[in-house]
Amino acid sequence: MKEIVIDKNQESKRLDSFLKAYLSEATGSFIYKMLRKKNITLNDKKADGKEKLKVGDSIKIYFSDETFDKFVGKKNSPVNEKKSSSYEKLSVEIVYEDDNVIFVNKPAGLLSQKADKEDISLNDWLIYYLLNKGSVTQESLLTYKPSICNRLDRNTSGLVICAKSLSGAREMNQMLKDRTLDKFYRTLVSGRITDSIRLKGYLYKDENKNKVFIKETDPKDDRYSYIETEYKPLKYYEKSDLTMLEVKLITGKPHQIRAHLSSIGHPLIGDIKYGGKKYNGINYQLLHSYRIHFPDNMSGELEYLSGREFIAKLPSVFEGI
């Protein structure tokens, strides 16, 4: 018999949804059959799966060890042990951490989430880090898996928000969706920019080419999404004809900053895809998620973050230039 005691990371989930995630290799029909036969119980009583879970609820699963392991899929470890040394070598700086969230400084070249099975990603690094720290266990990962909340392109560096708890994930994802959390980037672009400006336009992404296209006016095409980008110049480097910008995303679409600045003749350094040129051997976009600012008067479990700001220091490549 296996007993699971519900904590706040599983609170308010429906029992059947919880079981389908927990027994990931089992079919829904099998799970409902086990509930009917009382091979799975809730607080020692028969359940139909529609119940909303509460902290302290007891779920008991009366399977043999072999059957349990088969349906839980224990052989599929959240982090491939063969890659442990790779995760140890990653230079991921922790900017801030509490019981609900972790803000990290992602280096350029690291995927936010893996595209293929063998990829190394920030999302898997997070699990590896929390396992080694003792904040999670292989057992707890069966019921809730911490994850990143926002993604950056592989070669974009800087702040990524990670959720350790379900409440952290819910509140961070809601703020990102509602755009009540301000995100600012730093970049170096070709040419001189002297004035702050807010760019508006319409963006379409060609998935086959992994490239976006921007139009200034509404093309009356459902494939295009409205975008806004705000930027201000911080410093002009006359010798190299480069401008350091701080960019604020009003909307957040793939490649938005890169394509929008290229569309006005100021491509990012190294961003060959959008008209930028290699600079000192750099052949990727020099773009860094520099700071995030939380709204004032937040409510809920993360209200302690109200009005706070967090900064991820610029990578050394900026200093070099």
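Buried residues account for 46% of the 321 residues in this protein, going by a predicted model. As for what the chain folds into, the secondary structure adds up to eight helices and 14 strands. Laid along its principal axes, the C-alpha trace covers about 75 × 45 × 40 Å. Contacts tell a bit about how the chain comes back to itself: of those with a separation of 6 or more, 64% join residues that sit 24 or more positions apart.

On the outside, the accessible surface of the protein is about 16,900 Å². Carbon and sulfur atoms own 44% of that area. Then there are the charges, with 55 positive and 45 negative ones in the protein. Take the mean position of each group, and the two points turn out to lie 4 Å apart.

Now for a single helix, α2, which runs over residues 28–36. Its buried residues include I31, M34 and L35. These three end up on the same side of α2 because they cover an arc of only 105° around the axis. And what do the buried residues of α2 pack against? Their partners are helix α1 (15–22) and strand β2 (40–42). Flip to the face of α2 turned away from the buried side, and the exposed residues S29 and R36 show up there. So the helix has two faces to look at: I31, M34 and L35 are buried, whereas S29 and R36 are exposed, as the narrow arc of 105° puts the buried ones on the same side. Just past the end of α2 comes K38, whose phi is positive, at about 60°.

Terms used: Residues numbered from 1 in each chain as written. Predicted model: local features only at pLDDT ≥ 70, side-chain atom pairs only at ≥ 80, totals over all residues. Heavy atoms only, no water. Buried < 20%, exposed > 50% of the residue type's maximum accessible area, 1.4 Å probe, protein only. Helix = DSSP H or I, 4+ residues; strand = E, 2+ residues; numbered from the N terminus. Arc of directions from axis to C-beta. Contact = heavy atoms within 4.5 Å. Areas by Shrake-Rupley, 256 points an atom, 1.4 Å probe, with all protein chains shown as cover. Lys, Arg positive; Asp, Glu negative; His and termini not counted. Charge placed at Lys NZ, Arg CZ, Asp CG, Glu CD.
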